[in-house]
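Dear colleague,

I am handing over the structure below, and after it you will find what turned up when its salt bridges were examined. Please read the notes with the coordinates open beside them.

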Amino acid sequence: NPAKRAARRNGFSANEIRNRIDYWALMRPKRFVFVHPEAELRAIVAQELRKAMNWPVEACDADTTITQYAGDSVFVTVPSKQGIVRGLLPAASEVLTLQMRRVDQAIAQYLPIRPEVLLVVASAWPRFLRIARTVLTAAGFDLDAVVFCDTRAAGWKRSLKQASAVLCDVVTAESIPDRVHKIIFALLSDGGIAELKTFERFFTQ
């Protein structure tokens, strides 16, 4: 069973898997909830999930507000936060970890960039902007031809007027005019999405 294999990869024993299947047979989940303390990352991952999944997707901070979703949700987080999320939820709650692409690898696939290109790197997630700067510097890219935009700042779109291309996340892409060439990278790996689709199919049969 693909769902059982995915559950084993997430660290569940055979007995735990049987107990969880019995639990969800009585109370079927109806949505995914991505849990993470960084609001900007939550917004990006939740939007990627909404585009890929059939179930509704919510996003929640890693605090006590998470309990409002207990009982009818499959919780999703990154591996480093799994222990925190489990500690906030009832024992029977389903908590899966997402396979995520490394941001530096996601950016590196678009390199090298022609020197005449004025590149804008835009995101509300500060870590992405920091990593992008590091990767572009290591690749020998002229940072004088790069504008880094924190989209939380007022007036950041003024930088788009002269841009040849914008490297951005899926949330930022929605606010960029169609006339601007967008390079949109996905944080979630294809394998991570595939595992969630397996769970979705299993509980909607």
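**Salt bridges in the predicted model**

The side chains of aspartate 72 and lysine 30 come together in a salt bridge, with 3.4 Å from N to O; please keep in mind that this is a predicted model. Aspartate 72 sits in the loop between strand E2 (57-60) and strand E3 (73-77), whereas lysine 30 belongs to the loop between helix H2 (14-26) and strand E1 (31-35), so the pair ties together parts that lie 42 residues apart in sequence.

Aspartate 72 also meets the side chain of arginine 31 in a salt bridge, here at 3.1 Å from N to O. This pair, too, links distant parts of the chain, since arginine 31 is in strand E1 and aspartate 72 in the loop between E2 and E3, 41 residues apart. Taken together, Lys30, Arg31 and Asp72 are linked in a network of salt bridges.

As for the surroundings of these side chains, aspartate 72 has a relative accessibility of 17% and therefore counts as buried, and arginine 31, at 15% relative accessibility, counts as buried as well.

Another salt bridge joins aspartate 178 and lysine 182, whose closest N and O atoms are 3.8 Å apart. Within this pair, aspartate 178 counts as exposed because its relative accessibility is 74%, while lysine 182, at 25%, counts as partly exposed.

For completeness, the search of the whole structure finds seven salt bridges, among them the ones between aspartate 72 and lysine 30 and between aspartate 178 and lysine 182.

With best regards

Definitions and conventions
Residues are numbered from 1 along each chain as its sequence is written. This is a predicted model: local features need pLDDT of at least 70, side-chain atom pairs count only at pLDDT 80 or more; totals for chains, interfaces and linings use all residues. Side-chain values use heavy atoms; hydrogens and water are left out. A salt bridge is a side-chain nitrogen of Lys or Arg within 4 Å of a carboxyl oxygen of Asp or Glu. Helices (H or I, at least four residues) and strands (E, at least two) are DSSP runs, numbered from the N terminus. Buried means under 20% relative accessible area, exposed over 50%, partly exposed in between (1.4 Å probe, protein chains only).
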